[in-house]
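Me: I'm new to this structure and would like to learn how to read it. Could you walk me through it, one feature at a time?

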Amino acid sequence: MRITMGVTGGVAAYKAAELVRLLQQDGFTVEVVMTRGAREFITPLTFAALTGQKVITDLFGNTENEANLESAIEHIAVAQRTDLLLVAPATADVIAKFARGIADDFLSTLYLASTAPVVVAPAMNVNMWNHPAMQENIAKLRERGVNVVQPNEGYLACGMVGAGRLAGHQEILAAVRETLHWNRDLTGETVLVTAGPTCEDLDPVRYLTNRSSGKMGYAVAQAAARRGAKVILVSGPTALETPPGIRRIDVRTAEQMHEAVTKEFAGCSIGIFAAAVADYRPARKHADKIKKSGGSLTVQLEPTVDILQEMARAKGDKFIAGFAAETADVEQNARKKLAAKNLDLLVANDVTAEGAGFDHDTNVVSLYFRDGRDMALPKMGKAEVAQRVLDEIVRLRGALRTKPAKRLSVV
Ligand code: PMT
């Protein structure tokens with residue numbers, strides 16, 4: 001996992017060197033970006049020596065000689081290769097830039113160019129921290145999903161006492177781990193995930209399918225594997241690469257998906273069904289290409305097996321989550337599906353909403369639980385949706401396991 005660590009200009013900048021070490025000891029590869037202000041407090045050489053990598057200091061190359069096209073677009077390259085952007089210490093200035101979308105140096109430009117999760121650890125004078133402008137900026141960042149590590153209270157470099165000290169290294173490390181869902185809380189679980197569309201052949205050249213790209217299901221599979229689960233991914237045709245550490249079974253039709261899931265399901269403890277399985281398929285598959293014949297053509301369709309419903313019917317103590325693609329009456333339809341399919345959790349997406357559903361990199365989902373609760377999530381990347389769904393599954397499974405055994409009354 002690669003972290004890009006932004007260091008900005010505050011007295012606490014010297015603490016960043018220690019933090020780099022700690023992150024490395026935790027298994028992260030760290031690349032450092034320094035602002036001009038940071039360089040007043042600590043030299044790039046310190047971080048270069050610690051990381052063994054070039055420290056990025058300027059948007060257009062660190063020196064005149066380096067000012068070339070490569071350095072001009074380096075923020076894009078860094079944005080693409082980073083798994084998380086951490087800024088520690090983060091000054092009032094960089095926080096304001098992030099909040100307002102100002103991109104006038106490498107770090108603020110990187111923030112806009114990156115889709116990776118962001119952790120910010122502020123450090124500043126107590127009055128600056130408490131100022132309404134700062135708190136407004138912090139609220140804005142939190143709203144966007146930035147993990148802001150609350151500064152500690154204590155003696156500040158300016159001689160004042162109050163909130164504004166850079167949070168402890170362990171707290172920052174914990175925030176990084178939490179943001180990356182680096183915890184291995186699915187260790188011991190075997191998770192079966194379905195993803196992608198199915199293709200139902202009409203003749204050798206034509207088929208019925210849908211717009212599923214597989215991104216949602218693959219994100220779930222990848223997140224589950226990162227959290228320590230053994231993952232089996234049953235996938236319809238997609239253009240996606242198999243995430244590392246996952247056993248992938250490729251299928252084409254609903255019937256093949258049914259067969260593969262039936263075979264694998266017994267060995268699983270959790271099933272997450274994100275595939276967009278065809279509800280109907282052509283009743284007859286023509287051996288030869290259907291010829292054009294002047295008039296209209298009627299194609300008879302027959303229902304496919306509802307794989308999720310069949311698996312959930314006798315689920316025992318397995319945890320089963322389904323997805324639902326809706327275009328209207330989302331809540332009503334979701335609750336109906338949750339009950340009819342005997343699910344523990346249903347993740348509903350209104351596929352007509354902006355940035356939601358098929359083929360997008362983002363999704364907007366609501367979670368519906370067996371006990372009647374629901375939880376609406378804002379628009380977020382599919383990787384983040386996957387993590388939030390897994391958070392709930394881990395929580396619910398934990399709650400089930402720790403339920404006290406029924407007490408027997410002895411008469
Ligand atoms: O793949 P992406 O481009 O990232 O898009 C993501 C998605 C929109 C496909 C995904 O978020 C999603 O909503 N998946 C479920 C799509 C769907 O088939 O919804 P449904 O409401 O028709 O089905 C409900 C559930 O039953 C689903 O878990 C589905 O996998 C399952 N099902 C449906 C029919 C069938 N024959 N067998 C099934 O198992």
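Me: Which residues does arginine 252 touch, not counting residues up to four places away in sequence?

Reply: Contact means heavy atoms within 4.5 Å. Here arginine 252 touches Thr198, Cys199, Asp201, Tyr207 and Pro237, with residues up to four places away in sequence not counted. Keep in mind that this is a predicted model, where local features need pLDDT of at least 70, side-chain atom pairs count only at pLDDT 80 or more, and totals for chains, interfaces and linings use all residues. Residues are numbered from 1 along each chain as its sequence is written, and side-chain values use heavy atoms, with hydrogens and water left out.

Me: Where does arginine 252 lie, and is arginine 252 buried or exposed?

Reply: Helices (H or I, at least four residues) and strands (E, at least two) are DSSP runs, numbered from the N terminus. Arginine 252 lies in the loop between β12 (246-250) and α12 (254-265). For accessibility, buried means under 20% relative accessible area, exposed over 50%, and partly exposed in between (1.4 Å probe, protein chains only). Arginine 252 has a relative accessible area of 31%, so it is partly exposed.

Me: Thr198 was one of those contacts. Is threonine 198 buried or exposed?

Reply: Threonine 198 counts as buried because its relative accessibility is 0%. Its place is in the loop between β8 (190-195) and β9 (200-201). Leaving aside neighbours within four places in sequence, its contacts include Leu208, Asn210, Met257 and Ala278.

Me: What lies 3.0 Å from a polar atom of the side chain of threonine 198?

Reply: A polar contact is a pair of N or O atoms within 3.5 Å; within protein, one must be able to donate a hydrogen and the other to accept it, and residues adjacent in sequence count only if both atoms are side-chain atoms. In this case, the partner is the backbone nitrogen of alanine 278.

Me: How do I compare separation in sequence with separation in space?

Reply: Look at two pairs. Valine 148 and valine 120 are 28 residues apart along the chain, and 4.9 Å separate their C-alpha atoms. Arginine 252 and alanine 133 are 119 residues apart in sequence, with 55 Å from C-alpha to C-alpha.

Me: What else can you tell me about valine 148?

Reply: Valine 148 is in strand β5 (residues 147-148), and with 7% relative accessibility it counts as buried. Beyond residues up to four places away in sequence, valine 148 touches Val120, Pro122, Ile138, Leu141 and Arg142.
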